[in-house]
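Thanks for coming. I will take one model and go through its contacts, helices and surface; have a look at it before I carry on.

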Amino acid sequence: LNAKGRFGASAASPGVTSLGMIIALAAFPSASSTILVAGLTAGTLLDLTILGWSLRREGLPILPRIGRWQAEQGWLVAHTLPLVIGSLLQFSTLIVDQSMASLLGEGSVSELNYGNRFVAMVIGLIALPMGRILFPHFVQLIE
């Protein structure tokens, strides 16, 4: 949908999941955590329904189809493989960082985790909007 310039449904649909949880908790405030799970499930199903309806309206398939292997896909895999290996190395450093922080004493792992969350929040606030803005333009360059 984003590639076709239809941002409304894909931008609003994650809020439906949160709205489902809020409605479930407001309707049954003294209930157990099962109500929260029920609200999450109902909100997610409604989110998928909205996205499916939007895809159908645009004439796009809901489930991806597997086609024949093409030369462009080989180029994509060849260029993506170093990124995958780099990501594995980058995320394995979290384990090494926590192992090293555990040697420093009490509370060090917690401090490291809170620091990582702050960095992740800043990156998320920058990377997510940039991805939403740039992805349709990259798709148009490919077409």
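Met-21 is in contact with Leu-36, Gly-39 and Leu-40, leaving aside its neighbours within four places in sequence. Contact here means heavy atoms within 4.5 Å. Before going further: this is a predicted model, where local features need pLDDT of at least 70 and side-chain atom pairs count only at pLDDT 80 or more, while totals for chains, interfaces and linings use all residues. Residues are numbered from 1 along each chain as its sequence is written, and side-chain values use heavy atoms, with hydrogens and water left out.

Back to Met-21, which sits in helix 1. Helices are DSSP runs of H or I, at least four residues, numbered from the N terminus. Is Met-21 buried or exposed? Neither: Met-21 counts as partly exposed because its relative accessibility is 25%. The cut-offs are under 20% relative accessible area for buried and over 50% for exposed, with partly exposed in between, using a 1.4 Å probe and protein chains only. For a distant pair, take Met-21 and Gly-115: they are 94 residues apart in sequence, and their C-alpha atoms are 29 Å apart in space.

Thr-17 is also placed in helix 1. Thr-17 counts as buried because its relative accessible area is 12%. Not counting residues up to four places away in sequence, Thr-17 touches Gly-39, Leu-40, Gly-43, Thr-44 and Asp-47. Now look from the other side. Asp-47 lies in helix 2 and is buried, with a relative accessible area of 13%. Which residues does Asp-47 touch, not counting those up to four places away in sequence? They are Ser-13, Pro-14, Val-16 and Thr-17.

Now the two helices as a whole. Helix 1 covers residues 8-27, 20 residues, and reaches 28 Å from its first C-alpha to its last, close to the 28 Å expected at 1.5 Å a residue. The expected span is 1.5 Å times one less than the number of residues. There is a kink of about 25 degrees in helix 1, and Pro-14 is at its centre. That bend is the angle between axes fitted to the seven residues ending at a residue and the seven starting there.

The buried residues of helix 1 are Ala-9, Ser-10, Ser-13, Val-16, Thr-17, Gly-20 and Ala-24. An α-helix has 3.6 residues a turn, so residues three or four places apart point the same way. The cover over the buried residues of helix 1 includes helix 2 (33-57) and helix 4.

Helix 2 has 25 residues and a first-to-last C-alpha reach of 36 Å, close to the 36 Å expected. Its buried residues are Ile-35, Gly-39, Gly-43, Asp-47, Gly-52, Ser-54 and Leu-55, and they pack against helix 1. Just after helix 2, Gly-59 takes a positive phi of about 80 degrees.

Two residues from elsewhere to finish. Leu-76 is in helix 3, residues 71-102, and counts as partly exposed at 48% relative accessibility. The C-alpha atoms of Leu-76 and Ile-23 are separated by 44 Å, with their positions 53 residues apart along the chain. Phe-118 is in helix 4, residues 108-142. Phe-118 counts as exposed because its relative accessibility is 52%.

Note on methods
Helix = DSSP H or I, 4+ residues; strand = E, 2+ residues; numbered from the N terminus.
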